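Student: I would like to learn how to read a structure like this one. Could you take me through a few features?

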Amino acid sequence: MGYTVGVDLGGHFIKVGLVDEDGNVVLRSEAPTMADKGREASLGQLIGTVRDFLSKCREYGTPEGIGVGSPGLVDVEAGIVRFSPNFPGWREVPLRKVLREATGLPVAIGNDANVAALAENAFGAGKDLKTFVFATLGTGVGGALILDGRLFTGPLGAAGEIGHITVDPNGPRCNCGNYGCLERFVGIDHIVERAREKLRTWEGETLIPDMVDGDLDKLTPKHLSDAAQLGDRLALKVWEEIGTYLGIAFASITNLLNPEAFVLGGGVSNAGEVLFRPIRETIRKRAMAVPAGLVKVLRAQVGPDAGVIGASLLAR
């Protein structure tokens with residue numbers, strides 16, 4: 001059985017896995033991205049992490065190739081990351097060439113959300129769907145389009161950038177340069193900051209300060225979802241607002257593409273129904289009745305290895 005290496009280049013961590021033909025990760029590793037240290041540091045960290053991982057794979061033989069899922073605008077044909085908003089200095093990075101020279105193996109690259117969508121299409125929530133929209137909710141918001149059973153990337157590989165749909169024309173500036181992007185409202189850091197702002201003026205009871213021992217710097221979306229499950233009104237309000245922003249964007253996409261489903265992955269999607277419910281309600285309110293009546297909002301099934309598994313599919 002042949003193996004390929006999948007690399008999931010996330011906002012905070014590089015995840016690397018050795019994947020078999022059935023999508024099973026038989027060996028894995030991870031390391032910090034060092035994105036905040038700039039282009040050379042983060043590239044060096046990526047190369048070192050992949051090389052170290054390959055040295056651990058020897059008992060399985062030489063992998064057939066390496067696939068990389070990178071955030072941002074990825075030119076698949078040229079093997080270049082044109083721009084990555086959450087990686088300072090990542091403009092025109094010849095990532096395929098750099099990794100091929102560093103490892104001696106064939107390398108394929110793609111957008112991180114696109115490769116995760118491939119994993120869901122092959123092994124997860126999308127395997128019985130012909131047309132669906134995949135969104136990964138984490139540090140940022142990635143998106144991918146599976147249309148009539150095929151990944152649609154557009155002529156420059158830039159299709160599916162759901163996170164940079166404008167949901168408030170007067171909203172805050174996004175890392176991409178636009179104002180009021182969806183990502184700027186529903187990324188992890190912005191969810192937490194929304195909760196902190198509410199806590200400053202909240203007059204009712206809330207469980208959140210006790211959950212973080214009074215240190216709001218420790219607050220995460222996991223605390224907010226746990227509090228919401230316990231009926232905490234402040235946490236429920238935060239998730240309602242986040243779900244509404246997502247629903248506004250998804251309603252427009254529903255009218256445009258008439259998808260069978262939105263498949264949601266990434267850490268923020270772990271909030272579950274407290275997030276999914278306002279998304280569904282907003283789609284029903286804002287999208288046209290016929291496509292809104294069809295579309296479902298589903299949880300991704302492949303799990304935290306989706307980026308690694310999808311990247312490994314690129315290498316095949």
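Student: Is Arg196 buried or exposed?

Tutor: Keep in mind that this is a predicted model. The general idea is to look at the relative accessible area, and a residue counts as buried when that value is under 20%. Arg196 has a relative accessible area of 18%, so Arg196 is buried.

Student: With which residue does Arg196 form a salt bridge?

Tutor: A salt bridge needs a side-chain nitrogen of Lys or Arg within 4 Å of a carboxyl oxygen of Asp or Glu. The partner of Arg196 is Glu193, and their closest N and O atoms are 3.5 Å apart. Both belong to helix 5 (residues 188–201), where being 3 residues apart separates them by about one helical turn. Glu193 has 27% relative accessibility and so counts as partly exposed.

Student: Which residue meets Arg194 in a salt bridge?

Tutor: The side chain of Glu241 does, at 2.7 Å from N to O. Because Arg194 lies in helix 5 and Glu241 in helix 8 (residues 233–257), this pair ties together parts that are 47 residues apart in sequence. Glu241 and Arg194 are both buried.

Student: Which residues are joined into one network by salt bridges that share partners?

Tutor: That network consists of Asp75, Arg82 and Glu92.

Student: How many salt bridges does the count come to?

Tutor: The count is 11 salt bridges. One of them joins Glu64 and Arg316, with the closest N and O atoms 3.6 Å apart. Glu64 sits in the loop between helix 1 (39–56) and strand 4 (66–70), while Arg316 is in the segment after helix 11 (306–315), so the pair ties together parts that are 252 residues apart in sequence. Glu64, at 44% relative accessibility, counts as partly exposed. Arg316 also counts as partly exposed, at 39%.

Student: Now for sheets. In what order do the strands of the open sheet with 3 strands run?

Tutor: To read a sheet, list which strands pair, then look for strands with a single partner. Here the order is 5-6-7, with antiparallel pairing. Strand 5 (73–75) and strand 7 (91–93) each have a single partner strand and stand at the edges, so one side of each is left without a neighbour in the sheet. On average, neighbouring strands of this sheet are turned by 20° against each other, direction ignored.

Student: Over how many bridges do strand 5 and strand 6 pair?

Tutor: Strand 5 and strand 6 (residues 80–83) pair over 3 bridges in the antiparallel sense. Leu73 stands opposite Phe83 in strand 6. As a general point, side chains in a regular strand alternate between the two faces of the sheet.

Student: In which sense do strand 4 and strand 8 pair, parallel or antiparallel?

Tutor: Their pairing is parallel and runs over 5 bridges. Val68 stands opposite Ile109 in strand 8. Strand 8 (residues 107–111) is mostly covered, with 4 of its 5 residues buried.

Student: How many residues of helix 11 are buried?

Tutor: For a helix, count the buried residues and then see what they pack against. In helix 11, 8 of the 10 residues are buried, so the helix is mostly covered. Among the buried ones are Val308, Ile309 and Ala315.

Student: What do the buried residues of helix 11 pack against?

Tutor: They pack against strand 1 (4–9), strand 2 (13–19), strand 3 (25–32), strand 4, strand 8 and helix 3 (112–123).

Notes: Residues are numbered from 1 along each chain as its sequence is written. This is a predicted model: local features need pLDDT of at least 70, side-chain atom pairs count only at pLDDT 80 or more; totals for chains, interfaces and linings use all residues. Side-chain values use heavy atoms; hydrogens and water are left out. Helices (H or I, at least four residues) and strands (E, at least two) are DSSP runs, numbered from the N terminus. Buried means under 20% relative accessible area, exposed over 50%, partly exposed in between (1.4 Å probe, protein chains only). Two strands pair if DSSP finds at least two bridges between them. Axes are lines fitted to C-alpha atoms, for helices over the stretch in contact, and angles run from 0 to 180 degrees between N-to-C directions. Contact means heavy atoms within 4.5 Å.
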